[in-house]
Amino acid sequence: MPVNPELQGRTFAPTAPYLVGREKVREFARAVLSTSPLNSDPEAARAAGYSDVVAPPTFPIVIGELTLAQLLAEPDAGIDFTRVVHGDQRFSYTRPIVAGDELTATLAVTAIKSLGGHSMVTAESTIVDGTGAHVVTAISTLVVRGDE
Amino acid sequence: MSDLTVGEIIAEQTYALTRDTLVRYAGASGDFNPIHYRDDVATSVGLPGVLAHGMLTMGFAVQPVVDWLGGDSGRVLDYQVRFTRPVLVPAEGESVVTVVAKVGALDDAGARIDLTVSFDDATVLGKAQVRVAL
């Protein structure tokens, strides 16, 4: 089943608030081989002007996973996850994520393109904090392989 | 940093990935796709073997730039990559990935740092660019 072209332009309900924990930031930082003390030491982060440990630049993907789940669960999407590969990824930051943030993501499908039997789905997650202020936008292009 | 020049290498780092690295990333990120830890599943979907998560590669590839910024990832304004080739990680041993970070462009707002990320003599990320405030 090909990806439904009518997905283009669709916006999803905001995800449930995600509370960023200090230990989660430390765990993620170790996993991406970070050596920055700002990612693990609250004192170092405070000395640099942040309220708590700072998440590495790709941490927003943890919240992005929640929006991806929404997209895959959409009954008429026609996206078979076993055929999905990550094409490209971009993050545009207003500020870094820090422990204590309560984040909500809103997903919009911005483009669906066909390319040689494959479908390219571009989805944009806008992530805001508890006050509604923008933190980061994560733009992902997924390549859904067609029948071979 | 005001005396930067376009083309200058600002950081260079190698990272050795093992299956352990992949499992830790799976747990931390929540991406438990078995192609990142099970050979049988990877080969059954036509892959040459277990692959590192693209987001893991994107995640560590920016770290040399963050270190160059004094560890302050808050100065990263924008970061994008294209996933062009997979990084295969064997059940035993390690896969070494090299990151070279070079000044791609300079303007009033800061700099664009271009990353060359290589494994097995091939580039694994395309258009890997980090915009930073200086």
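Start by selecting α3(A), residues 60-73: this helix gives eight residues to the lining of the largest pocket, the largest share of any element. Keep in mind as you click around that this is a predicted model.

Now show the pocket itself, about 1100 Å³ of space. A good way to centre the view is to pick A:Val84, A:Val85, A:His86, B:Ile35 and B:His36, which are the closest to the pocket's centre among its 45 lining residues. Next, add the other elements of chain A that give two or more residues to the lining: β2 (84-93), β4 (118-128) and β5 (134-144). From chain B, add α3 (54-61), which also gives two or more. Colour the lining by class and you'll get 27 nonpolar, 14 polar and four charged residues.

Time to move to the contact between the chains. Select 34 residues on chain B and 31 on chain A, and you have the two sides that touch. About 2500 Å² is buried here, with carbon and sulfur atoms giving 56% of that area. On the chain B side, highlight B:Ala28, B:Met55 and B:Gln63; they lose the most area to chain A, together 19% of what that side buries.

Then zoom in on B:Asp78 and A:Arg90, whose side chains meet in a salt bridge at 3.0 Å, N to O. The count of salt bridges between the two chains is one, while ten residue pairs are in polar contact.

Last stop: β2(B), residues 76-83. This strand gives the most to chain B's side of the contact, eight residues. By class, that side has 16 nonpolar, twelve polar and six charged residues.

Definitions and conventions
Residues numbered from 1 in each chain as written. Chains lettered and ligands numbered in written order. Predicted model: local features only at pLDDT ≥ 70, side-chain atom pairs only at ≥ 80, totals over all residues. Heavy atoms only, no water. 1 Å grid on protein atoms, 1.4 Å probe; cavity = no way out; pocket = protein on both sides within 12 Å on 5 of 7 lines; lining within 4 Å. Points joined across faces, edges and corners; volume = space filled by probe spheres on them. Helix = DSSP H or I, 4+ residues; strand = E, 2+ residues; numbered from the N terminus. Nonpolar A, V, L, I, M, F, W, Y, C, P; charged D, E, K, R; others polar. Contact = heavy atoms within 4.5 Å. Buried area = accessible area lost by both parts, 1.4 Å probe. Salt bridge = Lys/Arg side-chain N within 4 Å of Asp/Glu carboxyl O. Polar contact = N/O pair within 3.5 Å; in protein donor to acceptor, adjacent residues only side chain to side chain.
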